[in-house]
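Student: Please look closely at the salt bridges of this model and at the strands that carry them. Which residues are paired, how accessible are they, and where do they lie?

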Amino acid sequence: MSNVLIKKIKDPTIGGHSLFEELENLFAQIRERAYSLFQQRGGSEGGDLDDWLRAERDLLWTPPADLIDKGDELRLRLAAPGFEANEIEVTALPGTIVVRAESKQEREQQEGEVLVSEFSSRKLYRRFDLPAPIDPEKMTAKLEKGVLRIAAPKVEQIQAKSISVTSSG
């Protein structure tokens, strides 16, 4: 079981700029790919959503995941086959977990003619908006047998105590 790097951001207004800049860059790449697909279809109307969704599939891999509420913590399980722990980055904010990874596969030089080769670089991206706030400082992430396992303790909710005030009169 290998530990995975977690970027912990308690206040998204302070440390989240690089994440948001990366997301803007990613959306720009998707927009460019969707426009390219639109042009390939001859610029005809009616396929905008299909172009966008295909562009997302071409650029990103969205693996299956489970998000489980265990009472005092949230547990996330995400399929990440073919990725090493050092290729995965988890960003933890109080209300969101973002998992990103990039694998660069280089084709090995082989003697003979390559008939089929499906090895390629790929990007993984998943964002989870959480049902309860978590404590990013206490979160852990481990990669085991191609499955990323994240344990995110919830922030303890401070319950307001009711104070009764009586007036003497």
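**Salt bridges and their strands**

Tutor: D66 is partly exposed, with a relative accessibility of 30% (buried means under 20% relative accessible area, exposed over 50%, and partly exposed in between, with a 1.4 Å probe and protein chains only). The model is a predicted one, in which local features need pLDDT of at least 70 and side-chain atom pairs count only at pLDDT 80 or more, while totals for chains, interfaces and linings use all residues. Residues are numbered from 1 along each chain as its sequence is written, and side-chain values use heavy atoms, without hydrogens and water.

The partner of D66 is R77: the two form a salt bridge whose closest N and O atoms are 2.3 Å apart (a side-chain nitrogen of Lys or Arg within 4 Å of a carboxyl oxygen of Asp or Glu). Because D66 belongs to strand 3 (residues 65-69) and R77 to strand 4 (residues 73-79), the pair ties together parts that are 11 residues apart in sequence (strands are DSSP runs of E of at least two residues, helices runs of H or I of at least four, both numbered from the N terminus). R77 is also partly exposed, its relative accessible area being 39%.

Strand 3 takes part in a further salt bridge through D69, whose partner is K154, with 2.9 Å between the closest N and O atoms. Here K154 lies in the segment after strand 9 (147-153) and D69 in strand 3, so parts that are 85 residues apart in sequence are tied together. D69 is partly exposed, at 45% relative accessibility. Elsewhere, K7, E89 and R100 are joined into one network by salt bridges that share partners.

In total the model has eight salt bridges. One of them joins R41 to D51, with the closest N and O atoms 2.7 Å apart. R41 sits in the loop between helix 2 (17-40) and helix 3 (48-59), D51 lies in helix 3, and the pair, 10 residues apart, links distant parts of the chain. The two partners differ in accessibility: R41 is partly exposed at 30%, whereas D51 is buried at 7%.

The strands around these pairs are themselves bridged. Strand 4, which holds R77, runs antiparallel to strand 9 over seven bridges (two strands pair if DSSP finds at least two bridges between them). Within this pairing, L78 has L148 of strand 9 as its bridge partner. Strand 9 is mostly covered, six of its seven residues being buried. Five bridges also join strand 9 to strand 8 (residues 140-144), again in the antiparallel sense, and in this pairing K142 is matched with R149 of strand 9. Two residues separate strand 8 from strand 9 in their hairpin, where K145 takes a positive phi near 50°.

A separate group of strands remains to be described. Four strands make up an open sheet of mixed pairing, in the order 2-5-6-7. Strand 2 (5-8) and strand 7 (122-129) stand at its edges with a single partner strand each, so one side of each has no neighbour in the sheet. Strand 6 (residues 96-103) and strand 7 run antiparallel and are joined by eight bridges; S103 has R122 of strand 7 as its bridge partner.
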